[in-house]
Amino acid sequence: MIKAADLPHTLPLFPLPGALLLPRARLPLHIFEPRYLQMVEDMMKTPQRLVGLIQLREGPAGDRLQAIGCAGRLTGFSETEDGRYMITLTGISRFRLMAEEEGFHPYRRGQVDWSSFGRDLGSVEHDPGLDRDVFMDRLSRYFETMELSTDWSSLKEADEELLINSLSMLCPFPSEDKQALLEAPSLSTRRETLVTLIEFALRGGPNGDILQ
């Protein structure tokens with residue numbers, strides 16, 4: 001288990017549009033670009049094996065990074081015959097990007113601060129306000145509307161954190177909405193944000209046409 005004192009002050013950064021990683025959640029990734037293959041190889045040489053998953057800001061300057069990302073620890077690795085990597089990241093803690101490092105690197109690196117997210121290293125979060133029956137009913141209508149499929153038995157049995165965080169990562173929301181879910185200060189707030197996004201989708205988005 002990684003402790004706060006073990007967290008580094010710099011991280012390799014992996015800007016991956018639409019991808020969301022949350023503490024204690026797992027994210028499988030397929031790595032094939034040469035710079036990110038190098039990034040994975042460099043990660044494996046460090047004791048923490050951490051990378052910062054972070055979103056790009058929307059707008060004309062498409063290479064600007066969001067202020068907050070989430071560090072993932074490399075916990076699964078395999079290599080294909082043609083040299084690609086299949087990896088699994090396990091979310092450790094969110095971070096605030098203070099500055100990007102100058103100099104030549106095949107991939108981006110940043111100076112980061114962890115102090116705002118101390119609870120990410122703690123125990124599993126709970127959501128006492130979750131009404132699971134109401135939530136699952138709304139979720140079922142959303143999946144039907146979006147023509148999505150899932151393992152409903154696993155969702156129904158999942159604990160609160162796994163349920164809410166997995167859905168936040170998997171649902172096809174725009175990048176800005178994914179960022180809002182990442183920045184939610186608590187599991188309850190993330191669930192409220194998730195419900196708002198689902199209801200927005202069920203109402204047809206900005207057009208307001210009910211899709212239920």
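The sulfur of Cys70 lies 18 Å from the closest cysteine sulfur, which belongs to Cys171, and that is too far for a bond. A disulfide here is a pair of cysteine sulfur atoms within 2.5 Å, and a search of the whole structure finds zero of them. Both cysteines are buried, a word I use for a relative accessible area under 20%, with exposed meaning over 50% and partly exposed in between, for a 1.4 Å probe and protein chains only. Cys70 has a relative accessible area of 1%, and Cys171 stands at 2%.

Before going on, I should say that this is a predicted model, in which local features need pLDDT of at least 70 and side-chain atom pairs count only at pLDDT 80 or more, while totals for chains, interfaces and linings use all residues. Residues are numbered from 1 along each chain as its sequence is written, and side-chain values use heavy atoms, with hydrogens and water left out.

Cys70 comes up again when we turn to the cavities, since Cys70 is one of the residues that line the largest cavity. On a 1 Å grid over the protein atoms alone, a cavity is a set of points where a 1.4 Å probe fits but cannot get out, and lining residues have an atom within 4 Å of a point. Grid points are joined across faces, edges and corners, and a volume is the space filled by probe spheres set on the points. The structure holds two cavities of 30 Å³ or more.

What is the volume of the largest cavity? It is about 60 Å³, and the lining includes Ala19, Leu53, Gln55 and Leu182. That lining divides into seven nonpolar residues, one polar and no charged, where Ala, Val, Leu, Ile, Met, Phe, Trp, Tyr, Cys and Pro count as nonpolar, Asp, Glu, Lys and Arg as charged, and the others, Gly among them, as polar.

The second largest cavity has a volume of about 30 Å³, and its lining has one nonpolar residue, one polar and five charged. Among the residues lining the second largest cavity are Arg24, Arg94, Asp120 and Glu125.

Glu125 leads us to the salt bridges, of which the whole structure has 11; a salt bridge is a side-chain nitrogen of Lys or Arg within 4 Å of a carboxyl oxygen of Asp or Glu. Glu125 forms one with Arg119, the closest N and O atoms being 3.1 Å apart. Glu125 is buried at 12% relative accessibility, whereas Arg119 is partly exposed at 48%.

In a second salt bridge, Arg84 and Asp82 have their closest N and O atoms 2.9 Å apart, with Arg84 partly exposed at 27% and Asp82 exposed at 54%.

A third joins Arg141 to Asp137, at 3.5 Å between the closest N and O atoms. These two are four residues apart in helix 2, residues 132–146, and so are separated by about one helical turn; helices are DSSP runs of H or I, at least four residues long, numbered from the N terminus.

Lastly, the aromatic rings: there are six aromatic pairs, counted when rings of Phe, Tyr and Trp (its six-membered ring) have centres within 6.5 Å, with planes under 30 degrees apart called stacked, over 60 edge-to-face and the rest tilted. Tyr142 and Phe143 have ring centres 6.0 Å apart and planes at 70°, so this pair is edge-to-face. Both Tyr142 and Phe143 are buried, and ring pairs link them with Trp152 and Phe173 into a cluster.

Methods: 1 Å grid on protein atoms, 1.4 Å probe; cavity = no way out; pocket = protein on both sides within 12 Å on 5 of 7 lines; lining within 4 Å.
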